[in-house]
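Hi there,

Here is the model I promised to pass on to you. Have a look at it first, and my notes follow just below.

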Amino acid sequence: MPTTAYNLLEISDLMAGYGRVTALCDVSLNVAEGEIVAILGANGAGKTTLLNAISGVVAPKSGSVAFLGSCIAGMKPWATNRLGLSHIPEGREIFPGMTVEANLKLIDVDGGGPKFTIDDVLALFPRLRERFAQLAGGLSGGEQQMLAIGRGLMACPKLVLFDEPSLGLSPMLTKAVLSAIRGLKDRGIASLLVEQNMRAALKIADRGYVLRVGRITAEGSAAELLESPDIQHAYLGL
Ligand SMILES: Nc1ncnc2c1ncn2[C@@H]1O[C@H](COP(=O)(O)OP(=O)(O)OP(=O)(O)O)[C@@H](O)[C@H]1O
Ligand SMILES: [Mg+2]
């Protein structure tokens with residue numbers, strides 16, 4: 001297999017927080033091209049802060065964040081988006097007063113990854129085709145999640161940051177969303193996948209890291225993490 005000189009995403013000794021609150025401390029991790037990497041951790045572990053510090057929603061206090069070999073720490077979200085990073089936030093940012101179609105057409109960014117058209121998004125999430133002319137605010141939680149992911153893909157990312165995509169979804173929709181993420185890998189798109197649903201996440205992930213109170217406490221292949229006797233303990237933060 002060909003090797004690249006750098007990982008798609010390389011984070012070293014990252015510190016981030018809010019005022020005097022330190023939410024991330026000495027976090028180092030990497031994501032290779034086309035890889036799915038899971039970040040597992042209990043409530044308050046720092047998972048959302050990590051994604052925010054990568055995409056630029058939160059400015060890191062110190063440490064380095066490199067994307068495709070270039071430093072992106074401190075860049076604004078619109079700038080990282082243009083480099084090929086799509087962040088699908090926890091709050092499912094969509095425009096509720098606009099139709100599904102308008103929400104998708106509004107994205108005018110080309111991150112340089114595999115091309116995604118509206119038809120590609122509708123093929124990935126057929127449910128959105130039925131809701132195409134409807135206002136996004138009237139969609140179910142699961143449909144809104146699909147739309148949020150669709151919007152992220154319209155920016156043609158090389159890496160997608162998913163913040164708990166299965167949150168609040170039925171087991172069936174969770175399966176659909178996670179298998180869509182798996183499908184992105186087949187198109188060469190990498191994912192950093194924050195999930196509390198550890199088993200579901202590790203089923204599609206190549207590797208994973210456990211975040212506990214702002215620090216990485218374990219890492220390994222998906223199989224290693226699933227088999228580790230300490231992992232549930234560490235993951236639950238007990
Ligand atoms: N805007 C903020 N201001 C101050 N502290 C914050 C803010 N956002 C998060 N924190 C704190 O930072 C820490 C990490 O929060 P973060 O939201 O990153 O955790 P998380 O792992 O995403 O949790 P969850 O699973 O509940 O989404 C927590 O202690 C939290 O209270
Ligand atoms: Mg969170």
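Let me start with the ligand. Two elements, β2 (21–31) and α1 (47–55), each supply at least two residues of the shell around ligand 1. Of the elements, α1 gives the most to that shell, with 3 residues. Please keep in mind that this is a predicted model.

If you want to pick out the surroundings of ligand 1 on screen, look for Y18, V21, A23, G41, N43, G44, A45, G46, K47, T48 and T49. By character, the shell residues divide into 4 nonpolar, 6 polar and 1 charged.

Next, the sheet beside that helix. It is an open sheet of 4 strands in the order β2-β1-β4-β5, and the pairing is antiparallel. β2 and β5 (70–71) are the edge strands, each pairing on one side only. β5 pairs with β4 (residues 62–67) in the antiparallel sense over 2 bridges, and A66 stands opposite C71 in β5. As for α1, the helix lies across β1 (9–18), β2 and β4, and runs at about 70° to β2.

Finally, the interior. The largest nonpolar core has 67 residues, and I39, L159, L161 and L193 have the most contacts inside it. Helix α6 (residues 141–154) gives the most to this core, with 6 residues. L161 is a good place to zoom in: leaving aside residues up to four places away in sequence, L161 touches L51, I54, S55, L85, H87, I88 and L192.

Happy to go through any of this with you.

Best wishes

Notes. Residues numbered from 1 in each chain as written. Chains lettered and ligands numbered in written order. Predicted model: local features only at pLDDT ≥ 70, side-chain atom pairs only at ≥ 80, totals over all residues. Near = placed C-beta within 6 Å. Nonpolar A, V, L, I, M, F, W, Y, C, P; charged D, E, K, R; others polar. Core = buried A, V, L, I, M, F, W, Y, C linked by C-beta atoms within 7 Å. Buried ≥ 20, exposed ≤ 12 C-beta atoms within 10 Å, placed from the backbone. Contact = placed C-beta atoms within 7 Å. Pairing = 2+ DSSP bridges. Axes fitted to C-alpha atoms, helices over the stretch in contact; angles between N-to-C directions.
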